[in-house]
Amino acid sequence: RIPKQQAAAPDDTRMIRLEVTQLRAYDRNPRRCLNSEYKRIKASIRTQGLDQPLVVTCRPGETDYMLLAGGNTRLQAMLALYQETGDEAFRYLDCLFKPWVAESDVLLSHLRENELRDSLYFIDKALAVFEVKALIEAEMQGRPLSQRRLSEMITARGLSFSQSLISKMAYAVQTLWPLIPQALSAGMGSPQVERIRGLERVARAIWCNKSLGAEEEFDEIFAALCRRYDSPDWVTDILQGALETEIAEAAELDLPLVRLELDARLARRPYPVIVPEPQEDAPAQDRPRQAATSSETESLAFEKHVNSSLEANEQSELVRLRQRANQLANQLAPADGLGHLVKPLSEQGLGFVVQGV
């Protein structure tokens, strides 16, 4: 056994026997919450002991040993068992010692171990990656790292994080973490983060295209809505509905039209520009006839659009229902002088929209 107040740590890789009180968990551990497997791991150690040695290192200038590659939960369980029982079986453990390399190397080792076990929330990985970035930049005397270069350096050290994944992590850490910490800490994943990013991007584009105010004003609205709905039970649809309402009120537009446009942009589909036609002062008895003529033209255009844009195998029931709904709307609307307000939408909603009733 190596004495607790040793003069210096070994300078090469070797197996060493340590007292459990000489070891401490890694203070930059990517996992921020208690491992849900803690009780199971503790029970396993109680009956069978450690199934594999802990990997340890020692920071320059320190005497205690520190975990190098995972093992924080196992160490916590081992220490608890020793304190609870005083059993010598839990007092000493064999460890694999590796010499110190760099702070970023240790953090990456813990991140890699957790990644292999698939046991970290997305935000925990994201925060760890950007802490690694800061450490590497400090080790490189402050030279900034691009996301692509960071991806290359992390990959070279045994982790496979693409530049696109790091971009999502950046959005989670820099934009969402200050706004929805409860939702992220509850386990929000990469797909949800990407959906919120897409929603923000599209809503911002609509806000700017309609000249509803400065981008900074949109930023304030987005941040306020995120904070309002932040909870462990986060639902992105609620945020989307709130953004649609804000845009509709600022633009003085019907909410369904804003919703249709936002949905189309999110799905990367073309959104038809719907402009209300001026209603001429015509005799009441002429309105149905004039509207019907316009409706027939639009209905034919709708059918042509469907037939030209969809192949035979894409003539689904949904497409037929939308076409039929549009035809019925065009037949019903003229009776109330609303024929000019019915606009076809071939790939969205009910197949038509009534604007500005």
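**Exercise 1. Check whether the length of helix 11 (residues 255-266) agrees with its expected span, then say what the helix packs against.**

Start with the count: helix 11 has 12 residues, and at 1.5 Å a residue these should span 16 Å. The expected span takes 1.5 Å times one less than the number of residues. Now look at the model, which is a predicted one: the end C-alpha atoms of helix 11 are 16 Å apart, so the two values agree.

Next, pick out the buried residues, meaning those under 20% relative accessible area. In helix 11 they are Leu257, Val258, Leu260, Glu261, Leu262 and Ala264. Those buried residues pack against helix 8 (190-209), helix 10 (236-251) and strand 7 (352-354). Finally, step past the end of the helix: Arg268, which follows, has a positive phi, near 60°.

**Exercise 2. Work out the strand order of the five-stranded open sheet, and say which strands sit at its edges.**

Begin with strand 3 (residues 54-57). One partner is strand 5 (residues 92-97), paired in the parallel sense over three bridges; here Leu54 stands opposite Cys95. Another partner is strand 4 (residues 65-67), which runs antiparallel to strand 3 and is joined to it by two bridges. Thr57 has Met66 of strand 4 as its bridge partner.

Keep going outward from strand 4. Strand 2 pairs with it in the parallel sense, again over two bridges, and Leu23 stands opposite Tyr65.

Put it together and you get the order 1-5-3-4-2, with mixed pairing. The edges are strand 1 (14-19) and strand 2 (23-24), each pairing on one side only.

**Exercise 3. Are the two faces of strand 3 covered or open?**

Split the strand by side. Leu54 and Val56 lie on one side, Val55 and Thr57 on the other. All four are buried, so by the cut-off of under 20% relative accessible area, both faces of strand 3 count as covered.

**Exercise 4. Describe the largest pocket: its volume, its lining and the helices that contribute.**

First, the volume: about 630 Å³. Then the lining: 29 residues, of which Asn35, Ile41, Thr73, Arg74 and Arg117 are the closest to the pocket's centre.

Sort the lining by class and you find seven nonpolar, 14 polar and eight charged residues.

Last, trace the helices. Helix 1 (38-48), helix 2 (72-85) and helix 3 (103-117) each supply at least two lining residues. Helix 1 gives the most, with five.

Terms used:
Residues are numbered from 1 along each chain as its sequence is written. This is a predicted model: local features need pLDDT of at least 70, side-chain atom pairs count only at pLDDT 80 or more; totals for chains, interfaces and linings use all residues. Side-chain values use heavy atoms; hydrogens and water are left out. Buried means under 20% relative accessible area, exposed over 50%, partly exposed in between (1.4 Å probe, protein chains only). Two strands pair if DSSP finds at least two bridges between them. Contact means heavy atoms within 4.5 Å. On a 1 Å grid over the protein atoms alone, a cavity is a set of points where a 1.4 Å probe fits but cannot get out, and a pocket is an open set with protein on both sides within 12 Å along at least five of seven lines; lining residues have an atom within 4 Å of a point. Grid points are joined across faces, edges and corners, and a volume is the space filled by probe spheres set on the points. Ala, Val, Leu, Ile, Met, Phe, Trp, Tyr, Cys and Pro count as nonpolar, Asp, Glu, Lys and Arg as charged, and the others, Gly among them, as polar.
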